[in-house]
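Welcome! Here are a few notes to read alongside the structure, taken point by point.

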Amino acid sequence: MSLLSPALRFDFPALDQHVGGKPLVYLDNGATTQKPRSVIDALARFYERNNSNVHRGLHALSMRATDGFEAARARAAKFINAADSAEIVFTRGTTESVNLVAQSWGSANLRPGDIVLITEMEHHSNLVPWQQITRQTGATLKYVPVAGADAEHGLDLDALEKLLTPQVKLFAFTHLSNTLGILNDAARLCAKARAVGALTLIDAAQSIGHEPIDVQAIGCDFLAYSGHKMAGPTGIGVLYGKRALLDDMPPYQTGGGMISTVDWFESKWKPAPERFEAGTPNVADAIALHAAFDYLDGIGRPAISDHDHALAAQACTALSELPGIRILGPKTGKPRAGLVSFAFAAAHAHDIVTFADQDGIALRGGHHCNQPLMKKLGLPSTTRASFYVYNTPEEIAVLAASLRKILKFFA
Ligand code: 7TS
């Protein structure tokens with residue numbers, strides 16, 4: 001596993017600053033990543049030169065904005081190897097993408113007796129929407145358990161076999177757990193679901209900017225992600241859905257832009273993706289997201305994955321020497337994606353994060369929107385370090401030294 005050039009950090013203006021008098025060590029990439037200059041420039045260029053509404057004007061700026069917005073959609077399709085750019089719906093992010101499928105597909109398809117299957121490692125945004133729609137439709141929500149620490153908290157695949165019955169209409173699961181650092185075998189899970197006739201939805205919030213993703217090779221029906229976790233702007237995300245499914249689903253929101261005709265008491269919808277994009281879309285951020293796709297593919301996603309995995313492995317080794325540490329997910333020396341979550345009996349995660357901040361280190365502490373999982377693991381919270389293209393082994397050494405100092409204080 002090889003590391004990327006440390007010079008990449010110069011592409012990210014936000015990294016060039018001190019916090020508490022120390023150089024910023026940004027290890028909260030699971031929450032959101034920093035943005036390269038090319039993305040910031042694309043956003044500024046749109047507002048400086050091309051700002052206009054899309055799909056409605058015939059003047060030059062409107063045509064430029066529309067071309068830029070639709071080019072971003074085509075680029076989003078290419079980024080995940082979708083067959084058709086009509087399979088890309090722009091949303092606010094993962095949360096809205098999952099809610100769209102739950103409410104639109106769920107309300108049209110779920111009945112009492114049907115099962116929606118998710119896993120115990122889901123972020124709340126791929127859990128609560130399924131609670132809601134199963135309650136509304138009388139369908140049943142079931143969970144694939146997370147195995148114990150000996151099994152490194154992976155999904156219990158024997159339990160999955162038993163849970164996958166023909167009553168399961170949809171299996172929704174995270175590609176990369178934001179708390180455990182586990183990368184699920186998405187193609188394998190989708191094949192198992194397909195065998196019982198269930199549709200699949202992948203929450204790719206954590207994996208999209210870190211791992212190569214090919215929706216046709218994976219064989220999923222839906223895939224959701226956020227731009228801000230892959231070097232893109234906040235407020236823009238994607239729902240990928242197979243075209244036949246999207247065209248069959250009722251609108252999620254209604255209004256301008258998504259209709260073909262409107263009469264006093266009846267309206268007709270456009271096909272996907274416009275059907276799901278009511279109102280003025282987030283044009284500027286879609287165009288800046290295009291720059292993020294180009295930036296990441298310029299580095300190469302296999303190389304990004306190698307880099308993140310190598311840093312996480314180094315972090316596991318360095319942190320495992322700290323007294324009283326409990327590291328979640330794959331054991332030291334085993335494959336894990338680019339984040340490490342850990343807990344100490346001696347200090348609460350919020351204290352660790354606050355003290356680390358004084359050393360210029362940005363970490364995340366809390367339940368990471370995995371409350372039921374935390375309860376199952378018997379933890380109120382964990383501290384998480386999550387890595388991206390600009391992080392370095394030197395920063396892991398700074399983290400380990402800071403944690404050692406903090407633990408001495410709490411000893
Ligand atoms: N799914 C997963 C696996 C996530 O990690 C997150 C955000 C979401 C969905 C929701 O994404 P959003 O962009 O719609 O908010 N995860 C985190 C996190 O781990 N720390 O802050 C946000």
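1. How far apart do the C-alpha centres of domain 1 and domain 2 lie? The answer for this predicted model is 28 Å. As for where to find them, domain 1 is made of residues 6-30 + 301-410, while domain 2 covers 41-297.

2. Now look at where the two domains meet. On the domain 1 side, 32 residues are in contact with 34 residues of domain 2. About 2,800 Å² is buried between the domains, and carbon and sulfur atoms give 50% of that area. Arg301, Leu373 and Tyr388 are worth finding on your screen: they supply 26% of the area that domain 1 buries against domain 2, more than any other three residues.

3. The interface also has polar and charged pairings. Between domain 1 and domain 2, 26 residue pairs are in polar contact, and three salt bridges cross the interface. If you would like a salt bridge to look at, try the side chains of Glu120 and Lys376, with 2.6 Å from N to O.

4. Next, the ligand. The ligand lies between the domains, because domain 1 and domain 2 both give residues to the shell around it. That shell holds 16 residues, and the closest are Thr95, Asp203, Gln206, Ser226 and Arg384. By type, two residues of the shell are nonpolar, ten polar and four charged.

5. Some individual distances help to fill in the picture. Polar side-chain atoms of Thr95 and Asn178 each approach an oxygen atom of the ligand, at 2.6 Å for Thr95 and 2.9 Å for Asn178. For His123, a polar side-chain atom lies 3.4 Å from a ligand nitrogen atom. On its own the ligand has 490 Å² of accessible area, and the protein covers 87% of it.

Conventions: Residues are numbered from 1 along each chain as its sequence is written. This is a predicted model: local features need pLDDT of at least 70, side-chain atom pairs count only at pLDDT 80 or more; totals for chains, interfaces and linings use all residues. Side-chain values use heavy atoms; hydrogens and water are left out. A residue is near a molecule or strand if one of its heavy atoms lies within 4 Å of it. A polar contact is a pair of N or O atoms within 3.5 Å; within protein, one must be able to donate a hydrogen and the other to accept it, and residues adjacent in sequence count only if both atoms are side-chain atoms. Accessible areas come from the Shrake-Rupley method with a 1.4 Å probe; for residues, only the protein chains shown count as cover. Ala, Val, Leu, Ile, Met, Phe, Trp, Tyr, Cys and Pro count as nonpolar, Asp, Glu, Lys and Arg as charged, and the others, Gly among them, as polar. Domain bounds come from an automatic or database domain assignment. Contact means heavy atoms within 4.5 Å. Buried area is the accessible area (1.4 Å probe) that two parts lose on being put together, summed over both. A salt bridge is a side-chain nitrogen of Lys or Arg within 4 Å of a carboxyl oxygen of Asp or Glu.
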